[in-house]
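Grab a pencil and let's work through a few exercises together. Try each task by yourself, then follow the steps.

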Amino acid sequence: MSASNTGRVSGLTTTQLAEHTGVPAATLRMWEARHGFPSPARLPGGHRRYSADDVELVRAVVRLRQEGLSLVAAIGRAGADGTVAPASIFAGLARRRPDLQSMKLVKPTLLALSRAVEDECLASARSGVLVGSFQTARFYGQSERRWRELARNARVAVALADFKRLRRPAHGPVQVPVRRDHPLAREWAIVMHAPDASACLAAWEIPASSEPADADRRFEVLWSPEPEVAREAVAIAAEVIAPLAPSIATTLESILDEPAAPSSADLRAAVRQAHRMLAYIGAE
């Protein structure tokens with residue numbers, strides 16, 4: 001897992017990680033000193049920072065310990081060596097693309113960014129892949145009409161939420177059920193990858209000390225319009241979906257035979273500038 005947070009300096013402190021996992025901060029530091037787990041990113045001053053992926057791994061270790069495994073065995077089983085499949089699209093991108101710059105955005109800004117990605121998909125994307133993570137079926141219902149239209153242009157479209165069962169509507173995305181205790185249930189994501197348009201957006205909600213107003217909810221967001229990043233996000237989505245709907249994961253994987261073109265220096269520079277603008281907008 002040591003590579004999973006390389007270069008990532010945002011996220012939870014040790015105290016916050018302890019609060020969200022139930023493992024005392026002193027115990028977390030002892031685990032790190034003796035077993036190299038968890039392996040946080042470090043700020044220039046040496047302070048630890050943990051990602052959403054770290055939260056899930058620590059929780060997995062706690063569950064395995066409760067089942068009777070030794071600490072060493074639990075860490076190994078939980079995938080602390082980095083070989084475990086990603087828990088969510090955000091977690092997979094954070095691990096595999098440490099070059100991506102994360103942003104802190106409030107919900108209205110994140111919603112606007114999501115709508116922009118969807119609009120580009122409607123305008124430009126043909127015969128590609130579209131994956132959306134909606135947290136709940138209720139949230140999907142609010143966008144269902146829009147996503148039915150999006151699915152018309154896609155080779156395959158998938159919606160992830162706490163649906164009651166797997167459904168393949170004649171007109172609309174495949175609906176893949178996600179348990180409420182699954183990391184995907186806390187994720188907001190849109191991934192599109194087509195020959196003429198690509199983008200990926202993945203976010204997880206930053207825990208708050210008290211229940212915020214809906215417009216004040218804050219998310220850590222990874223976003224990129226780069227084709228190679230979007231292709232990586234589709235591959236991650238396939239891995240995440242595999243235990244939930246193997247046939248859908250196989251369909252996604254079959255579309256990834258051709259590698260995406262590498263990003264140009266001009267595109268990477270434009271992405272950096274867009275990140276700066278979004279960070280300013282999202283901070284308001």
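A nonpolar core is a set of buried Ala, Val, Leu, Ile, Met, Phe, Trp, Tyr and Cys residues joined through side-chain atoms within 4.5 Å. Buried means under 20% relative accessible area, exposed means over 50%, and partly exposed lies in between (1.4 Å probe, protein chains only). The model is predicted, so to speak of local features we need pLDDT of at least 70, and side-chain atom pairs count only at pLDDT 80 or more, while totals for chains, interfaces and linings use all residues. Residues are numbered from 1 along each chain as its sequence is written, and side-chain values use heavy atoms, with hydrogens and water left out.

**Exercise 1. Find the largest nonpolar core and say which residues have the most contacts inside it.**

Step 1: The largest core holds 55 residues, and L93 and V131 have the most contacts inside it.

Step 2: Look for the biggest contributor. Helix α8 (residues 227–241) gives the largest share of this core, eight residues. Helices here are DSSP runs of H or I with at least four residues, strands are E runs of at least two, and both are numbered from the N terminus.

Step 3: Zoom in on L93. Skipping neighbours within four places in sequence, its contacts (heavy atoms within 4.5 Å) include P98, C200, V229 and I236.

Step 4: Don't stop at one core. A second, separate core has 29 residues, among them L105, L201, A203 and L278. As background, nonpolar side chains tend to be buried together in soluble globular proteins.

**Exercise 2. Work out which residues of helix α2 (residues 25–35) are buried, and which are exposed.**

Step 1: A25, L28, W31 and E32 are buried.

Step 2: Now peer down the axis of α2. Its buried residues fall within an arc of 120°, so they line one face of the helix. That arc is taken from the directions from the helix axis to the C-beta atoms.

Step 3: Flip to the other side of α2, where A26, A33 and R34 are exposed.

Step 4: Check what follows. Just after α2, G36 takes a positive phi of about 70°.

**Exercise 3. Is D53 buried or exposed?**

Step 1: Place D53 first: it belongs to helix α3 (residues 52–66).

Step 2: D53 counts as buried because its relative accessibility is 7%.

Step 3: List its company. Not counting residues up to four places away in sequence, D53 touches A87, A91 and R95.

**Exercise 4. Put the seven strands of the open sheet in order.**

Step 1: The order is β3-β9-β8-β7-β4-β5-β6, with mixed pairing. Two strands pair if DSSP finds at least two bridges between them.

Step 2: Spot the edges. β3 (103–106) and β6 (174–177) each have a single partner strand, so one side of each is left without a neighbour in the sheet.

Step 3: Compare some pairs. β4 (residues 129–133) and β5 (residues 156–161) are parallel over five bridges, and S133 has L160 in β5 as its bridge partner. β3 and β9 run antiparallel, joined by four bridges, while six bridges join β8 to β9, also antiparallel. In that last strand, L222 is the bridge partner of A202.

Step 4: Finish with β9 itself: six of its seven residues are buried.
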